[in-house]
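Here is a short walk through a model on your screen, written for someone who likes to look at side chains one by one. Keep the viewer open and follow along.

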Amino acid sequence: MGRPAVPTGLANRRISAGPRRIQKGRTVRPFALLPLLAVLTLPLVACQEEEAQLPPAPVALTQSALSYFCQMNISEHGGPKGQVHLNGFPAPLFFAQVRDLVAYLKGPEREADITAVYVSDMGIAPSWAAPGIDNWILADEAFFVIESNVAGGMGAPEIVPFARAEDAEEFAARYGGTVTSLAQMPAETALGPVDLDQALETPS
């Protein structure tokens with residue numbers, strides 16, 4: 001028997017397996033677009049991951065804010081303040097004295113993972129009695145004056161934070177103490193016993 005005749009017009013056409021899209025004489029397979037889609041979605045994913053890693057913003061200090069340890073009204077006490085943000089907590093923990101905040105950070109107890117820590121920048125504070133309500137800086141980036149002879153809001157020797165190293169050094173030259181970072185600060189600076197006989201002064 002002879003071979004079946006190929007219908008006219010089909011002899012020169014190529015038969016493709018699977019779906020195809022024809023545009024201006026070109027064949028584009030859907031799977032060929034996958035690398036392009038992956039490239040386009042990478043910046044979006046990276047942006048979302050970066051936003052997830054950003055620390056929560058600091059919260060302005062209000063007249064009703066209470067200190068975490070003593071539950072006293074913070075606005076009634078002078079000196080630098082601090083706030084600690086915890087994962088899963090809607091509001092930060094406020095501290096009437098930075099020494100208390102450092103004691104919380106260096107201590108063993110923790111309610112949840114810490115997401116951000118802020119302290120007052122005393123370099124731009126209106127005064128020691130009024131340290132400001134929104135001049136917060138990240139504690140990890142601050143310069144701290146320790147072992148000075150100044151009293152904090154709760155009467156204990158204070159750990160005084162600054163955004164600029166120059167401001168911290170000027171404070172230490174006037175009131176004593178040394179300049180350090182939060183990471184290098186010894187735990188006993190905040191957790192050690194307080195000398196009740198030590199003469200402390202309150203900066204203006």
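In this predicted model, D100 is a charged residue that is buried yet has no salt bridge. The nearest side chain of opposite charge belongs to R99, and it is 5.6 Å away. A salt bridge needs a nitrogen and an oxygen within 4 Å, so R99 at 5.6 Å does not form one with D100. What does D100 touch instead? Leaving aside residues up to four places away in sequence, D100 is in contact with F69, F95 and M154.

**The helix around D100**

D100 sits in helix α2, which spans residues 98-106. Why is this helix described as largely enclosed by the rest of the structure? Because eight of the nine residues of α2 are buried. They are V98, R99, D100, L101, V102, A103, Y104 and L105. If you would like to see what lies over them, the cover includes the strands β3, β4 (93-95), β5, β7 and β8, together with the helix α4 (188-191).

**Aromatic neighbours**

Two of the names above come back when you look at the rings. The structure holds nine aromatic pairs. One of them joins F95 and Y104, with the ring centres 5.6 Å apart and an angle of 50° between the planes, a tilted arrangement. F95 is buried, with a relative accessible area of 0%, and Y104 is buried as well, at 5%. Another tilted pair is formed by F162 and F171, and both of these residues are buried. The two pairs are set out below.

| Aromatic pair | Centre to centre | Angle between planes |
|---|---|---|
| F95 and Y104 | 5.6 Å | 50° |
| F162 and F171 | 5.5 Å | 50° |

F95 and Y104 also belong to a cluster: ring pairs link them with Y68 and F69. Two members of that cluster, F69 and F95, are among the residues that D100 touches.

**The largest pocket**

The other pair in the table leads to a pocket. F162 and F171 are among the residues nearest the centre of the largest pocket, along with M122, R174 and Y175. In total, 14 residues line this pocket, and the space in it comes to about 310 Å³. Which element gives the largest share of the lining? That is α3, with five residues. Both β8 (160-162) and α3 (165-175) supply at least two residues each.

**A charged pair**

Side chains of opposite charge can pair when their charged atoms come close. How many salt bridges does the structure hold? There is one. It brings together the side chains of R164 and D167, with 3.1 Å from N to O. The partners are not equally accessible: R164 is partly exposed, with a relative accessible area of 45%, while D167 counts as buried at 18%. So D167 and D100 make a useful pair to look at side by side: D167 is buried and meets R164, whereas D100 is buried without a salt bridge.

**Backbone and long-range details**

Two residues are worth a look for their backbone angles. Q71 is not a glycine, yet its phi is positive, near 60°. You will find Q71 in the loop between α1 (34-53) and β3 (82-86). E147, also a residue other than glycine, has a positive phi of about 60°. E147 lies in the loop between β7 (143-146) and β8. Is E147 buried or exposed? At 62% relative accessibility, E147 counts as exposed.

For a link between parts of the chain, try Y118 in strand β5, which covers residues 114-120. Y118 is buried, with a relative accessible area of 6%. In sequence, Y118 and F94 are 24 residues apart, and their C-alpha atoms are 9.6 Å apart in space.

**The whole protein**

Now zoom out. The protein has four helices and nine strands, and from the N terminus on they run β-β-α-β-β-α-β-β-β-β-α-β-α. Of the 204 residues, 36% are buried. Among contacts with a separation of 6 or more, 63% are between residues 24 or more positions apart.

How values were computed: Residues numbered from 1 in each chain as written. Predicted model: local features only at pLDDT ≥ 70, side-chain atom pairs only at ≥ 80, totals over all residues. Heavy atoms only, no water. Buried < 20%, exposed > 50% of the residue type's maximum accessible area, 1.4 Å probe, protein only. Phe/Tyr/Trp six-rings, centres within 6.5 Å; stacked < 30°, edge-to-face > 60°. Lys, Arg positive; Asp, Glu negative; His and termini not counted. Contact = heavy atoms within 4.5 Å. 1 Å grid on protein atoms, 1.4 Å probe; cavity = no way out; pocket = protein on both sides within 12 Å on 5 of 7 lines; lining within 4 Å. Points joined across faces, edges and corners; volume = space filled by probe spheres on them.
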